[in-house]
Amino acid sequence: MSPCSIIKMPGGGVAFVRHGKRRMPKCGFCPAASSKLCDHVVSKTLGGGDITCDVPICIGCAQHIEPDTDLCPKHRRA
């Protein structure tokens, strides 16, 4: 079953909107569905926080390092 939203209309009525299923984003390097994002740090915020690449990648294209880090083929380490 698809999720629904209730929207209040200006005249006091209510509209029920049914949404379609959300599709998995595609990998940025092959046609597979992605389930990960690249964790390579590309910059820092003004507060010192990390800004990561965040390109969607599939399990086959990702290089898994450390406990919670995945890298895309562009940022893969040798």
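Contact here means heavy atoms within 4.5 Å. By that yardstick, residues 24 or more positions apart account for 28% of the contacts in the protein chain with a separation of 6 or more. The model is predicted, with local features needing pLDDT of at least 70 and side-chain atom pairs counting only at pLDDT 80 or more, while totals for chains, interfaces and linings use all residues. Residues are numbered from 1 along each chain as its sequence is written, and side-chain values use heavy atoms, with hydrogens and water left out.

On to the overall build. The protein chain has eight strands and zero helices, where both kinds of element are DSSP runs numbered from the N terminus (helices are H or I, at least four residues; strands are E, at least two). Reading from the N terminus, the order is simply β-β-β-β-β-β-β-β. The radius of gyration of the protein chain is 19 Å, well over the 12 Å that the globule rule gives for 78 residues, so the chain is more spread out than a compact globule. That radius is taken over C-alpha atoms, and the globule rule is 2.2 Å times the number of residues to the power 0.38. Along its principal axes, the C-alpha trace spans about 60 × 35 × 20 Å.

The surface comes next. About 6,200 Å² of the protein chain is exposed, and carbon and sulfur atoms supply 59% of that area; accessible areas come from the Shrake-Rupley method with a 1.4 Å probe, and for residues only the protein chains shown count as cover. Of the 78 residues, 18% count as buried. Buried means under 20% relative accessible area, exposed means over 50%, and partly exposed is in between (1.4 Å probe, protein chains only). As for charge, the mean positions of the 11 positive and 6 negative charges are 15 Å apart. Lys and Arg count as positive and Asp and Glu as negative, with His and the chain ends not counted; each charge is placed at NZ of Lys, CZ of Arg, CG of Asp or CD of Glu.

What sits inside? Nonpolar side chains tend to be buried together in soluble globular proteins. Here the largest nonpolar core has nine residues: Cys27, Cys38, Ile57, Cys58, Cys61, Ala62, Ile65, Leu71 and Cys72. Such a core is a set of buried Ala, Val, Leu, Ile, Met, Phe, Trp, Tyr and Cys residues joined through side-chain atoms within 4.5 Å. Ile57, found in strand 6, is buried, with a relative accessible area of 0%. Leaving aside neighbours within four places in sequence, Ile57 is in contact with a list of residues including Cys27, Phe29, Cys38, Ala62, Leu71 and Cys72. The C-alpha atoms of Ile57 and Lys21 are 36 residues apart along the chain and separated by 21 Å. Ala62, with neighbours within four places again left out, is in contact with Lys36, Ile57, Asp70, Leu71 and Arg76.

Other strand residues fill in the picture. Thr69 lies in strand 8 (residues 69-71) and counts as buried at 17% relative accessibility. Beyond residues up to four places away in sequence, Thr69 touches Asp39, Gln63 and His64. Thr52, in strand 5 (residues 50-52), is partly exposed at 23%. Apart from neighbours within four places in sequence, Thr52 is in contact with Cys38, Asp39, His40, Val41 and Val42. The C-alpha atoms of Thr52 and Arg18, 34 residues apart along the chain, are separated by 34 Å.

His75 belongs to the segment after strand 8 and is buried, with a relative accessible area of 15%. Not counting neighbours within four places in sequence, His75 is in contact with Cys38, His40, Val42 and Cys53. Gly47 and His75 are 28 residues apart in sequence and 24 Å apart in space, C-alpha to C-alpha. Gly47 is found in the loop between strand 4 (41-44) and strand 5, where this glycine is exposed at 77%.

Two more loop residues deserve a mention for their backbone angles. Most residues other than glycine have a negative phi, and most peptide bonds are trans. Asp54 has a positive phi of about 60° although it is not a glycine; Asp54 sits in the loop between strand 5 and strand 6 (56-57) and counts as partly exposed at 39% relative accessibility. Glu66, also not a glycine, has a positive phi of about 55°. Glu66 lies in the loop between strand 7 (63-65) and strand 8 and is exposed, with a relative accessible area of 55%.
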